[in-house]
There are 2 protein chains.
Amino acid sequence: MTENSTSSAQASARLYGLGLGPGDPELVTLKALRILGQVPVIAYPSAEGTPSLVRQIAAPHLHDGLIEIDMAMPMVEARFPAQQVYQVAAEQISQHLRAGRSVAVLCEGDPLFYGSFMYLYQRLEGVAPIEIVPGVTSVTACAAVAGLPLVARKDSLTVLPGPLDDERLTRRLTSSESDEQAFAIMKVGRHFARLKALLERLGLLEHAWYVERASMADQRVARLSAVEQSQAPYFSMILLHKRGRADVN
Amino acid sequence: MTENSTSSAQASARLYGLGLGPGDPELVTLKALRILGQVPVIAYPSAEGTPSLVRQIAAPHLHDGLIEIDMAMPMVEARFPAQQVYQVAAEQISQHLRAGRSVAVLCEGDPLFYGSFMYLYQRLEGVAPIEIVPGVTSVTACAAVAGLPLVARKDSLTVLPGPLDDERLTRRLTSSESDEQAFAIMKVGRHFARLKALLERLGLLEHAWYVERASMADQRVARLSAVEQSQAPYFSMILLHKRGRADVN
């Protein structure tokens, strides 16, 4: 390879934040599929010691000979070890980009919606052009599975992380006189029992849905009131519309 | 065709709410693409006298011989004529379903997220099995175009319709002491100047982005403060994170 062609390859190397959707490999977009077929390097998060979920979403679409960067997250609460993993990965990715190899970071759902891609994005701005490919989020995937008209007309939608404390959640869930509001509570996981009890105290249990692993083979959907358990998987969500469902009459 | 095979065809006819994403035909999912290739009938909204935008998204993926139902919306403010259009379309769709022909309703973005599909959904529940295929919404498509980390960790996201009045918007935009909040204001359209003035009064202009026709060939993205116009296209959005962007440090 001549100096010239090397430099041209370098110039065209890109970092992709690739939204791969909520879990079903068929909910990948054509654009993400095309980019997966073009890049020589992929990177993805995993929980240390277990297969990467987002790599499983991509698996049917991966070509041979890919270089793979597995960002294995230590399963501890502290934030510091995760930051170290992202830092090491960012350095590896940076080397590939500087050598002219495009890198796609695989993201569950959408890269900029509670995605780990953002940890790399802020470290790699300026190294190469960055392209974000949006993906189907778990919020609308859960609504689809529940058959729940989520928001229409003058409804608003508030997405809340389940780990927020009761006081803060209460303020958000009861903040307005309007009943034209839908809520999605993400990252339910070990907060399940607390969240269910909170919604019951606030009189919001009646309209709440619980959805687990939306669009995956083992998805589960139920009225929250009918679910008895102390915790839930990480990929679970509570959805509710204060009026029951979006009204288009 | 025997009575038996007719009845089996009827039993398998389905109504699909097909999310086709924000505008780029490449942001269609593999699942939506497969279903587009299988159904004999499609239905889609349009503004009376102009080509249907969502049909344009689907156009590269349509096969010959499709039966098409164009739900042409009269361009008047009143709600009643639109309800009539949906009622007539629901009756046509119902006839196809009862005759064993599956129907896909094409939806910009996601069917249950401010989508006109919901007007048909409530009229057709019980006529045939209904399957919702979630799509990429304009919210994350706009964040991707703006390169704006939208929500991370304990951030919340509130999606607000631009037509809400100033009082209600103000209450929502300022409701919490927390700066861990992002907002998406949809359906900006003819409310552009009012919304920009409101955000300026609330001291929120600095971090606001304006995105028009995200992911389409003629998309436009700018700091809201730099946009001088009295109104905006229907497909435009204001995005802002109170802290500037989601922080993952």
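In this predicted model, Ile185(B) stands opposite Ile238(B), a residue of strand S10(B). The two belong to neighbouring strands: S7(B) and S10(B), the latter spanning residues 236-241, run antiparallel and are joined by 4 bridges. On another pairing of S7(B), 6 bridges link it to strand S6 of chain B (residues 156-161), and here the two strands run parallel. Pro161(B) faces Met186(B) of S7(B) in the bridge pattern, standing opposite it. Strands of a sheet pair through backbone hydrogen bonds, and the pairing may be parallel or antiparallel; S7(B) offers an example of each, parallel with S6(B) and antiparallel with S10(B).

Strand S7(B), residues 181-186, is also mostly covered, with 6 of its 6 residues buried. Side chains in a regular strand alternate between the two faces of the sheet. Accordingly, it is helpful to view S7(B) one face at a time. Gln181(B), Phe183(B) and Ile185(B) point one way, Ala182(B), Ala184(B) and Met186(B) point the other way, and all of them are buried.

The wider setting of these strands is an open sheet that draws on both chains. It has 10 strands with mixed pairing, in the order S9(A)-S8(A)-S10(A)-S7(A)-S6(A)-S6(B)-S7(B)-S10(B)-S8(B)-S9(B). Each of the edge strands, S9 of chain A and S9 of chain B (220-223), has a single partner strand, so one side of each is left without a neighbour in the sheet. From one strand to the next, the twist averages 15 degrees. Towards the chain B end of the order, strand S8(B) (residues 208-212) pairs with S9(B) in the antiparallel sense over 4 bridges. Within this pair, Trp209(B) has Arg223(B) in S9(B) as its bridge partner.

Helices lie on this sheet as well. H8(B) packs on it, touching S7, S8 and S10 of chain B, and its direction makes about 10 degrees with that of S10(B). Helix H7 of chain A (residues 166-173) lies across strands from both chains, namely S6 and S7 of chain A together with S6 and S7 of chain B, and runs at about 175 degrees to S6(A).

In chain B, the helices H7 (residues 166-173) and H8 (residues 192-201) pack against each other at an angle of about 45 degrees, and their axes are 11 Å apart. That angle makes H7(B) oblique to H8(B). The crossing in which H7(B) passes H8(B) is right-handed. On the H7(B) side, the contact is made by Asp166(B), Leu169(B), Thr170(B) and Leu173(B), while H8(B) contributes Arg194(B), Leu195(B), Leu198(B), Leu199(B) and Arg201(B). By character, the residues of this contact divide into 5 nonpolar, 1 polar and 3 charged.

Chain B holds another open sheet, made of 5 strands in the order S3-S2-S4-S1-S5, with parallel pairing. Strands S3 (67-73) and S5 (130-133) of chain B are its edges, each pairing on one side only. Here the twist averages 20 degrees from one strand to the next. Strand S2(B), residues 41-47, pairs with S3(B) in the parallel sense over 7 bridges, and Ala47(B) stands opposite Met73(B) of S3(B). Helix H5(B), residues 117-124, lies across S1 (15-19), S3, S4 (103-107) and S5 of chain B, running at about 160 degrees to S5(B).

Turning to chain A, its secondary structure comes to 8 helices and 10 strands. The C-alpha atoms of the chain fill a box of roughly 70 × 40 × 30 Å along the principal axes. Of its 249 residues, 57% are buried. Among contacts in chain A with a separation of 6 or more, 76% come from residues 24 or more positions apart.

Two helices of chain A show how both chains take part in covering residues. Helix H6(A), residues 138-146, is mostly covered, with 7 of its 9 residues buried; these are Val139(A), Thr140(A), Ala141(A), Cys142(A), Ala143(A), Ala144(A) and Ala146(A). Their cover includes S6, S7, S8, S9 and S10 of chain A together with S5 of chain B. Just after this helix, Gly147(A) takes a positive phi of about 60 degrees. In helix H2(A), residues 30-38, the buried residues are Leu30(A), Lys31(A), Ala32(A), Ile35(A) and Leu36(A). Their cover includes S1, S2, helix H3, S4 and S5 of chain A together with helix H2 of chain B.

Definitions and conventions
Residues numbered from 1 in each chain as written. Chains lettered and ligands numbered in written order. Predicted model: local features only at pLDDT ≥ 70, side-chain atom pairs only at ≥ 80, totals over all residues. Heavy atoms only, no water. Axes fitted to C-alpha atoms, helices over the stretch in contact; angles between N-to-C directions. Parallel < 35°, antiparallel > 145°, perpendicular 65-115°, else oblique. Left-handed = near helix turned anticlockwise from the far one by under 90°. Contact = heavy atoms within 4.5 Å. Nonpolar A, V, L, I, M, F, W, Y, C, P; charged D, E, K, R; others polar. Pairing = 2+ DSSP bridges. Buried < 20%, exposed > 50% of the residue type's maximum accessible area, 1.4 Å probe, protein only.
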